[in-house]
Number of protein chains: 4
Amino acid sequence: MARARIRCAVLGATGVAGQQFLVALDGHPDFELVKVAASERSAGKRYGDAIRDAGHEKWYCREPLPAAFAALPVEDASTMSADGLDLVFAAVESDAARVLEPRFAEKVPVLSTASAFRYEHDVPILIPGVNGDHAKLIDAQKKRRNWRGFIVPGPNCTTTGMAITLKPLADAFGLEKVVMTSLQATSGAGRSPGVAALDILDNVIPYISKEEEKVERETRKILGRLDGSEGIVPADVSVSCTCTRVPVLDGHTECVFVALKSRASVDDARRALREFAPFGDQRFPSAPARMIEVLDDPYRPQPRLDRDAGGGMTTVVGRLREESTLGGASGVKYVLVSHNTRMGAAKGMVLLAEWLRDAGHLG
Amino acid sequence: MARARIRCAVLGATGVAGQQFLVALDGHPDFELVKVAASERSAGKRYGDAIRDAGHEKWYCREPLPAAFAALPVEDASTMSADGLDLVFAAVESDAARVLEPRFAEKVPVLSTASAFRYEHDVPILIPGVNGDHAKLIDAQKKRRNWRGFIVPGPNCTTTGMAITLKPLADAFGLEKVVMTSLQATSGAGRSPGVAALDILDNVIPYISKEEEKVERETRKILGRLDGSEGIVPADVSVSCTCTRVPVLDGHTECVFVALKSRASVDDARRALREFAPFGDQRFPSAPARMIEVLDDPYRPQPRLDRDAGGGMTTVVGRLREESTLGGASGVKYVLVSHNTRMGAAKGMVLLAEWLRDAGHLG
Amino acid sequence: MARARIRCAVLGATGVAGQQFLVALDGHPDFELVKVAASERSAGKRYGDAIRDAGHEKWYCREPLPAAFAALPVEDASTMSADGLDLVFAAVESDAARVLEPRFAEKVPVLSTASAFRYEHDVPILIPGVNGDHAKLIDAQKKRRNWRGFIVPGPNCTTTGMAITLKPLADAFGLEKVVMTSLQATSGAGRSPGVAALDILDNVIPYISKEEEKVERETRKILGRLDGSEGIVPADVSVSCTCTRVPVLDGHTECVFVALKSRASVDDARRALREFAPFGDQRFPSAPARMIEVLDDPYRPQPRLDRDAGGGMTTVVGRLREESTLGGASGVKYVLVSHNTRMGAAKGMVLLAEWLRDAGHLG
Amino acid sequence: MARARIRCAVLGATGVAGQQFLVALDGHPDFELVKVAASERSAGKRYGDAIRDAGHEKWYCREPLPAAFAALPVEDASTMSADGLDLVFAAVESDAARVLEPRFAEKVPVLSTASAFRYEHDVPILIPGVNGDHAKLIDAQKKRRNWRGFIVPGPNCTTTGMAITLKPLADAFGLEKVVMTSLQATSGAGRSPGVAALDILDNVIPYISKEEEKVERETRKILGRLDGSEGIVPADVSVSCTCTRVPVLDGHTECVFVALKSRASVDDARRALREFAPFGDQRFPSAPARMIEVLDDPYRPQPRLDRDAGGGMTTVVGRLREESTLGGASGVKYVLVSHNTRMGAAKGMVLLAEWLRDAGHLG
């Protein structure tokens with residue numbers, strides 16, 4: 001028997017991240033986009049007009065705006081009803097998320113790119129295939145907050161690729177320490193204001209506000225252990241980051257140094273990364289053929305060449321080498337590229353929705 | 001009594017690094033550029049014609065070509081005589097350096113940007129103000145090789161800024177471990193072939209051949225201990241690097257994580273860095289007012305804004321924070337910007353020459 | 001009855017343009033790539049190894065190297081036999097083309113991206129849909145040169161987009177004068193040596209050797225009139241260009257000012273451009289749905305957003321406005337974007353081959 | 001006898017253009033900056049704090065912020081008094097200029113980078129050395145508006161370089177037609193919002209709102225003839241432009257095609273451009289040694305290499321060639337680079353102030 005389609009809304013649909021949701025939902029076999037919402041300023045317009053409103057192009061995806069979505073009326077996110085919805089994707093700033101997301105979560109599940117609720121005790125930060133068992137917190141959350149729905153955020157886009165690659169290493173060898181320097185793309189900052197050309201051309205910006213704290217905290221939570229309905233005990237791994245911005249459009253590059261708890265050769269680590277296949281034979285529409293690809297060419301991964309691997313959903317790893325400075329029983333260092341607006345944001349949340357549905361969490 | 005001026009030659013004068021030597025020597029109070037040499041292809045032309053030979057602009061410095069130098073005849077480096085020279089600056093590829101530099105060193109001191117001799121036991125890698133005591137090896141080198149001159153190379157341009165900032169930390173607190181990721185400018189690759197626009201626009205290249213090994217090895221040697229005339233015992237510090245290339249013209253950015261042997265607060269480390277004044281009251285023409293500048297603005301240093309500090313000779317540090325992941329009694333992490341073709345190459349070698357002269361090594 | 005497949009070779013297959021031929025021929029319904037050739041240096045290797053030979057990535061297309069082609073042995077272009085071939089695509093430098101192309105043309109048709117033969121009297125510069133009638137020169141060429149095959153070059157990549165957009169204007173209103181400034185992508189220069197990052201980052205290069213002469217001459221030839229078997233009488237239109245290079249990876253932007261012989265409003269011109277459908281109902285595998293797309297958004301076309309329209313085969317026009325300075329009965333000015341390595345090079349030649357086959361010129 | 005120093009204020013001092021005024025006035029022999037004003041948001045702070053207020057670096061000039069100016073209190077431009085001022089430099093948006101500038105002009109001269117008053121009949125658009133005779137309109141303006149001061153704007157930054165190079169050609173040979181395509185730097189858009197990195201990396205934006213109309217109109221007005229106190233009769237020259245934005249930080253590149261009224265060879269035109277020395281032996285502090293520099297290297301001018309010529313005050317011309325398409329008795333085409341925030345904005349206005357003072361217009 002065919003399953004009913006899930007009726008979705010996107011909050012913050014006119015922003016850079018929101019647009020990526022529309023692309024990720026275009027032609028989706030199971031999810032039907034029925035509502036789009038944005039700020040009051042855009043409300044009342046058709047979506048196609050709203051994104052053209054400022055008088056110059058504002059559609060930021062390489063793919064064209066799906067024609068069916070251009071005609072959708074934009075609703076005011078602050079007053080939109082949850083009626084007729086099975087699921088809400090939220091792509092709004094953290095301040096707005098704090099107000100809007102609970103209002104919808106009273107009635108329907110909310111999957112969010114915002115950080116507003118990531119650090120609450122009854123809220124898991126889910127990456128499908130990495131910490132699916134944390135989804136058990138959802139029931140506790142619903143019960144405790146007396147909601148029919150729930151809020152599940154994805155991680156910060158910089159956390160995503162690192163957590164995905166650390167997971168098989170943690171499972172096989174145990175993690176002791178992680179040191180990471182990121183070279184992040186400009187699209188991660190959105191566009192309003194985003195990164196000014198005057199700031200980034202011929203330049204590097206060595207600081208992204210709050211980013212390092214997020215990555216350090218989220219990584220430990222995602223790799224942590226679910227403690228009954230009590231929440232998550234952060235993984236016992238020390239994480240230290242420096243996050244920088246570089247003149248790249250899309251695709252975060254991360255240079256990772258890892259100390260492991262047990263002995264592992266570079267070949268052992270390569271095998272663990274390559275064999276990471278958390279979904280087994282199961283195929284989700286937005287899942288890539290391989291969660292992790294490991295390249296042997298020392299000049300890879302490069303963000304421009306590798307960000308679109310697996311439709312932007314594969315984390316591409318290269319330069320895998322032995323690391324002995326950090327300590328631990330053994331260690332590896334590597335470079336990864338992860339698409340910050342695909343797996344690291346909207347499309348990653350759609351994959352999460354597919355996984356949650358399969359796991360029975362979407363009703 | 002006025003000291004006699006030192007008569008210099010530049011080998012490899014037509015390349016990107018060689019040009020920087022000409023700029024650094026223009027109007028120098030003590031050094032007089034009397035000869036320029038390049039490959040056979042350029043020999044016989046006037047310098048100004050040789051760099052214009054390919055029919056399109058080939059002078060890469062922001063400063064104009066010093067008029068007096070444009071008229072110098074370019075000699076063939078492989079046959080040029082050392083007669084009439086007191087000093088040779090060499091800016092040639094490593095293979096050429098291996099042949100050319102000893103030939104000149106038989107008669108006169110050779111200061112080199114090439115890596116050819118950096119790892120020989122009787123050859124110090126000198127950074128003035130950092131490891132001046134290693135200059136004592138020069139006498140042993142002359143004696144052992146039976147040369148009237150000697151070869152002293154500077155470090156790889158990526159080593160320079162890191163070694164300068166590690167020195168005051170090592171002296172004050174002791175170094176245990178260093179993890180570093182570099183974001184290097186395209187000018188570091190020279191121009192023939194250099195980095196192709198097609199490779200680096202909207203991109204990061206995560207590998208620079210042999211760079212990481214050089215940085216790890218040179219850092220330990222520079223911070224090492226002179227063992228009589230026997231050579232240098234590398235410092236007992238573990239160093240691990242990932243070196244990347246980013247779309248920046250000039251100025252290497254380095255994200256450094258350091259574990260220290262004794263307890264030090266971030267303020268202690270800041271003070272040690274700020275107070276690093278190895279030349280005391282002595283003023284060398286090419287030395288910056290401050291060897292290290294520490295900025296408190298979290299968005300600094302940036303290569304475009306900070307590479308020219310102190311005429312490109314100051315290492316600019318920012319984002320100084322506590323680091324506890326690496327281990328050690330305490331730790332700090334920071335970001336530095338160092339001008340790769342100024343302090344990190346030609347002008348750094350001119351400063352070295354000024355220091356060596358003062359120390360009596362230039363005869 | 002199914003038509004036999006055409007057996008093709010690509011000369012210069014390892015270069016940037018050659019690689020684009022492989023992508024354009026991958027999975028082609030009518031053309032089968034059976035041989036690849038390059039310089040002696042690559043000969044004897046498998047194609048996949050040859051492009052990886054320098055030790056760092058050398059496959060420049062966004063699409064992956066077609067697996068079937070990776071296994072093809074690379075032959076030496078200077079000695080490769082034409083046996084078993086129906087067609088040769090040549091993507092070699094002009095000097096090599098002058099020697100290689102006639103050798104193959106003795107036996108099989110040669111379609112070339114090189115300029116070597118573009119200006120010979122019995123050689124048409126063909127753009128399918130624009131000047132197909134010039135193909136009649138092919139018979140004269142074969143006869144005169146006593147060849148079984150022939151040489152037909154495509155235009156310079158900068159000529160392509162301009163000639164395509166001028167064609168419907170010429171047909172409807174007559175051309176009097178054309179002034180054009182191009183902002184060309186770096187991929188147009190190939191990669192060896194190509195454009196150095198040091199030259200183009202934060203910069204514009206206002207000159208491309210021989211480019212302006214080519215565009216001016218080729219435009220008049222392509223829009224000219226076939227004079228029996230005597231050759232082509234250049235169109236009586238004056239063309240003046242300035243060609244520049246900008247920090248863009250792919251996609252040439254051209255700012256065109258046109259004086260017309262008869263009166264035409266901007267709406268008339270827009271209609272002529274939009275309705276340009278030279279192939280009627282006929283569908284060629286590599287032809288775009290629309291040869292020309294006209295956008296009304298004043299901020300378009302942009303090379304990054306529009307270069308891939310129609311699979312890189314559509315010329316995208318915008319900013320269509322009245323132009324009265326040049327003179328003429330009326331005039332228009334506009335901006336176009338044309339993909340320089342797709343329609344402007346390899347894939348444009350494959351479309352030409354499809355068209356020539358349909359017209360009976362491939363035997 | 002030493003002349004008294006002119007006491008100046010800068011309106012809009014915290015913006016990108018305003019900052020350039022501070023750099024241009026630092027250490028000025030005749031002008032003393034005594035007041036800085038900005039919006040209410042910054043008022044009450046010290047200047048150095050106001051530009052650091054947003055928590056990340058906001059000083060955009062390569063030169064450091066002059067220390068003396070960092071301590072100046074920022075006044076609210078809407079309430080600041082003109083008392084104690086001899087001159088006001090205005091660097092505010094056009095809407096603000098329309099309100100603020102007349103209020104100050106009642107009492108003191110106002111030199112403005114805004115377009116608000118450029119097209120009024122009694123307001124000249126002055127470029128010192130190009131149309132100084134238009135300054136005679138100042139008296140008529142003061143009389144008609146009953147002001148003790150006056151408003152004189154400079155041209156749009158894209159007009160500046162073109163008008164300067166057209167002036168000697170107009171004087172020597174007469175202008176008939178001008179066609180121009182600009183490749184403009186991102187700094188021309190200021191920074192709030194300015195050009196987003198997401199819009200311009202690997203891209204060209206083919207439209208700048210209102211820019212083309214400004215350039216066409218201003219060029220004719222600047223090159224026009226003063227008709228007594230009645231205003232300026234625009235020059236009888238037809239001007240047509242396409243203005244684009246490219247990924248360049250500073251320095252507008254303009255490709256100019258000119259039809260002349262009388263016969264002139266390329267050498268004649270080169271001579272006219274090179275000999276353009278409107279100030280004779282007079283030396284103004286901000287004037288460059290040469291108003292126009294003509295380069296013979298076909299690969300020049302380039303914005304990164306040539307924007308700083310003459311301290312950013314020289315217009316650098318290259319690629320001077322014959323132009324015959326446009327018509328006219330003869331013609332030339334060329335490429336120019338003009339620094340859009342130096343000669344094309346703040347420093348150009350300071351030079352204007354120096355010239356006006358010398359001409360007796362500053363009282």
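**Exercise 1. A loop residue in chain D**

Find where D:Asp202 sits in chain D. Then decide: is D:Asp202 buried or exposed?

*Solution.* Step 1: D:Asp202 belongs to the loop between α7 (197-200) and α8 (211-222) of chain D. The model is a predicted one. Step 2: Look at the backbone. D:Asp202 is not a glycine, yet its phi is positive, about 55°. Step 3: Apply the cut-off. A residue is buried if 20 or more other C-beta atoms lie within 10 Å of its own. D:Asp202 has 23 other C-beta atoms within 10 Å, so D:Asp202 is buried.

**Exercise 2. A strand residue in chain A**

Work out which strand holds A:Arg319, and what sign its phi has.

*Solution.* Step 1: Strand β13 (residues 315-322) of chain A contains A:Arg319. Step 2: Phi of A:Arg319 is near 55°, so the sign is positive, in a residue other than glycine. Step 3: A:Arg319 has 23 C-beta neighbours inside 10 Å and therefore counts as buried.

**Exercise 3. Two helices in chain A**

Describe how α1(A) and α11(A) pack.

*Solution.* Step 1: Take helix α1 (residues 16-25) and helix α11 (residues 346-358) of chain A. Their axes are 8 Å apart, at an angle of about 50°. Step 2: Name the arrangement. α1(A) and α11(A) are therefore oblique to each other. Step 3: Give the hand. The crossing of α1(A) and α11(A) is right-handed. Step 4: List the contact residues. α1(A) brings A:Ala17, A:Gln20, A:Phe21, A:Ala24 and A:Leu25, while α11(A) brings A:Ala346, A:Lys347 and A:Val350. Step 5: Sort them by class. This contact has 6 nonpolar, 1 polar and 1 charged residues.

**Exercise 4. Chains B and C**

Which turn lays chain B on chain C?

*Solution.* Step 1: A turn of 180° with a shift of 0.0 Å along the axis does it, and the RMSD is 0.0 Å. Step 2: The two copies are thus related as by a two-fold rotation axis. Step 3: Compare the surfaces. 100% of the contact residues of chain B recur in chain C, and the same surface serves both copies. Step 4: Count. 15 residues of chain B are in contact with 15 residues of chain C. On the chain B side, 10 are nonpolar, 3 polar and 2 charged.

**Exercise 5. A helix residue in chain B**

Place B:Ile138 and list its contacts beyond four places in sequence.

*Solution.* Step 1: B:Ile138 is in helix α5 (residues 137-145) of chain B. Step 2: B:Ile138 counts as buried because 21 C-beta neighbours lie inside 10 Å. Step 3: Leaving out residues up to four places away in sequence, B:Ile138 touches B:Phe150, B:Val152 and B:His361.

Terms used: Residues numbered from 1 in each chain as written. Chains lettered and ligands numbered in written order. Predicted model: local features only at pLDDT ≥ 70, side-chain atom pairs only at ≥ 80, totals over all residues. Least-squares fit on C-alpha atoms with pLDDT ≥ 70 in both. Contact = placed C-beta atoms within 7 Å. Axes fitted to C-alpha atoms, helices over the stretch in contact; angles between N-to-C directions. Helix = DSSP H or I, 4+ residues; strand = E, 2+ residues; numbered from the N terminus. Parallel < 35°, antiparallel > 145°, perpendicular 65-115°, else oblique. Left-handed = near helix turned anticlockwise from the far one by under 90°. Nonpolar A, V, L, I, M, F, W, Y, C, P; charged D, E, K, R; others polar. Buried ≥ 20, exposed ≤ 12 C-beta atoms within 10 Å, placed from the backbone.
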